[in-house]
Amino acid sequence: MIAGAVALATAASMASCAKSESTAAGTNENSAIADSIATFYGKAFGANIYGYLENQEQRSGKEINKSDVLKGVQYVVGANSSEDFITGMKIGMDMKNFIEESRQNGVEVSADVVMKNFRSILSADSLNADAAQTDYAEFSALMNRMRVLSMEKQKAEKAKQAEEAAKEGQAYVEKMKKADSEIKTSESGLSYKIENPGAEPKIGPNTSAKVKYTGKLTDGTVFDSGEAEFAPNRVVPGFGEGMQLLGKGGKATLYIPGNLGYGENGAGDKIGPNATLIFDIEIVEVSPEAAE
């Protein structure tokens with residue numbers, strides 16, 4: 001959209017130049033330049049918006065109806081509209097966004113009822129300030145209530161997701177344990193497979209170690225990888241417990257249940273509530289304090 005704005009500014013500049021040139025070169029040349037500007041601005045801005053819509057589709061996972069987009073553009077661009085009409089369009093978009101956001105939060109606000117009451121106020125000869133203040137106070141109270149309901153809904157949905165994720169994660173680990181007898185489970189609930197325990201001494205709770213790691217979800221999605229230095233007490237409990245099973249050169253796969261990972265809050269866009277995390281880790285280096 002920024003590129004589109006730049007294109008728009010460039011087109012405006014070119015149009016200004018065309019206007020200046022028309023004084024010297026005549027109306028015919030100005031007309032030709034104007035046609036060229038219209039042609040190439042339409043193509044350039046169209047390509048910009050095409051890319052923008054594709055990006056939006058990828059981010060949202062929903063297909064955008066380009067025919068509807070074109071109808072909206074045509075409605076604004078094709079009309080000989082006054083500044084007042086454009087102002088109305090902007091206000092209408094704000095109202096439309098409010099209605100859609102309310103519906104997404106589970107409150108089915110009627111566009112017809114909104115417009116009926118909006119029209120009655122805007123069409124009146126004068127504004128009753130006291131009545132307007134009372135209406136606004138009522139609206140504010142309702143909005144606060146809607147926020148509370150929305151938060152309760154989100155909390156309930158997250159709790160449901162967390163419960164389902166915990167069950168799915170447990171089933172996944174049990175399946176892995178049946179397929180591989182080397183996978184063990186500690187009292188805390190951490191499951192792990194040690195490929196190489198590494199050298200003695202083992203890492204302590206406060207021991208800093210350089211760890212090479214790859215973090216995945218149960219569906220194979222990699223959410224993080226790299227090499228970093230930290231102590232077991234500085235990471236999620238399951239990861240920290242797994243580190244302490246190893247010494248320098250040690251390698252293991254950790255199966256971390258949600259309660260030993262990021263819990264019901266999850267983390268970022270990829271790690272959902274109570275998600276089970278799978279880490280392949282290798283202890284590259286251990287600080288000298290390990291011997292103490």
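Tutor: Let's start with a word we'll need: a residue is buried under 20% relative accessible area, exposed over 50%, and partly exposed in between. Keep in mind that this is a predicted model.

Student: Okay, what makes Glu285 buried, partly exposed or exposed?

Tutor: Its relative accessible area is 37%. That value falls between the 20% and 50% cut-offs, so Glu285 is partly exposed.

Student: And why is Ser287 put in its class, buried or exposed?

Tutor: Ser287 has 13% relative accessibility. Buried means under 20%, so Ser287 counts as buried. You'll find Ser287 in the segment after β6, where it touches Thr207 and Ser208, leaving aside residues up to four places away in sequence.

Student: How much of the protein chain is buried?

Tutor: Buried residues are 23% of the 292 residues. The chain exposes about 20000 Å², and carbon and sulfur atoms supply 53% of that area.

Student: Back to Glu285. How do you know that Glu285 and Lys248 form a salt bridge?

Tutor: Their closest N and O atoms are 3.3 Å apart. The cut-off is 4 Å between a side-chain nitrogen of Lys or Arg and a carboxyl oxygen of Asp or Glu, so this pair qualifies as a salt bridge. The two partners come from distant parts of the chain: Glu285 belongs to strand β6, while Lys248 is in the loop between α7 and β5, 37 residues away. Lys248, at 42% relative accessibility, is partly exposed.

Student: Why would such side chains pair at all?

Tutor: Side chains with opposite charges can pair when their charged atoms come close.

Student: What makes Lys193 and Asp180 a salt bridge?

Tutor: Try the same test: the N to O distance is 2.8 Å, which is within the 4 Å limit. So the pair passes. Lys193 sits in strand β2 and Asp180 in the loop between α6 and β1, so this salt bridge ties together parts 13 residues apart in sequence. Lys193 has 26% relative accessibility, which makes it partly exposed.

Student: How do you know that Lys96 and Glu100 meet in a salt bridge?

Tutor: Here the N to O distance is 3.7 Å, again within 4 Å. Both residues are in helix α4, 4 residues apart, or about one turn of the helix. At 43%, Lys96 is partly exposed, and Glu100 is partly exposed too, at 29%.

Student: Which residues are linked with them in a network of salt bridges?

Tutor: The network joins Lys96, Glu100, Arg103 and Glu108. By this rule the whole count is 8 salt bridges.

Student: Next puzzle: what makes Phe85 eligible for the nonpolar patch?

Tutor: Patch residues need over 30% relative accessible area and no salt bridge. Phe85 has 32%, so it clears the area cut-off, and it is listed in the patch with Val73, Tyr75, Val76 and Val77. Together these five have about 450 Å² of accessible area. Phe85 is found in helix α4, but helix α3 gives the most to the patch, with 4 residues.

Student: How do you know that β3 and β6 pair as strands?

Tutor: Pairing needs at least two bridges, and 8 bridges join β3 to β6, so they pair. The two strands run antiparallel. One bridge has Thr214 facing its partner Asp280 in β6.

Student: And what makes β5 a partner of β6?

Tutor: Same test: 6 bridges against a minimum of two. So β5 and β6 pair, in the antiparallel sense. Tyr255 stands opposite Ile278 in β6.

Student: Why is the sheet called open, and what is its order?

Tutor: The 6 strands are arranged β1-β2-β5-β6-β3-β4, with antiparallel pairing. Look at the two ends: β1 and β4 are edge strands, each pairing on one side only.

Student: Which helix lies across β1, β2, β5 and β6?

Tutor: That's helix α6, residues 129-179, running at about 140° to β5. Over the whole chain there are 7 helices and 6 strands, in the pattern α-α-α-α-α-α-β-β-β-β-α-β-β.

Terms used. Residues are numbered from 1 along each chain as its sequence is written. This is a predicted model: local features need pLDDT of at least 70, side-chain atom pairs count only at pLDDT 80 or more; totals for chains, interfaces and linings use all residues. Side-chain values use heavy atoms; hydrogens and water are left out. Patches are made of residues with over 30% relative accessible area and no salt bridge: like charges are joined within 9 Å, nonpolar side chains (Val, Leu, Ile, Met, Phe, Trp, Tyr) within 5 Å. Accessible areas come from the Shrake-Rupley method with a 1.4 Å probe; for residues, only the protein chains shown count as cover. Buried means under 20% relative accessible area, exposed over 50%, partly exposed in between (1.4 Å probe, protein chains only). Contact means heavy atoms within 4.5 Å. Axes are lines fitted to C-alpha atoms, for helices over the stretch in contact, and angles run from 0 to 180 degrees between N-to-C directions.
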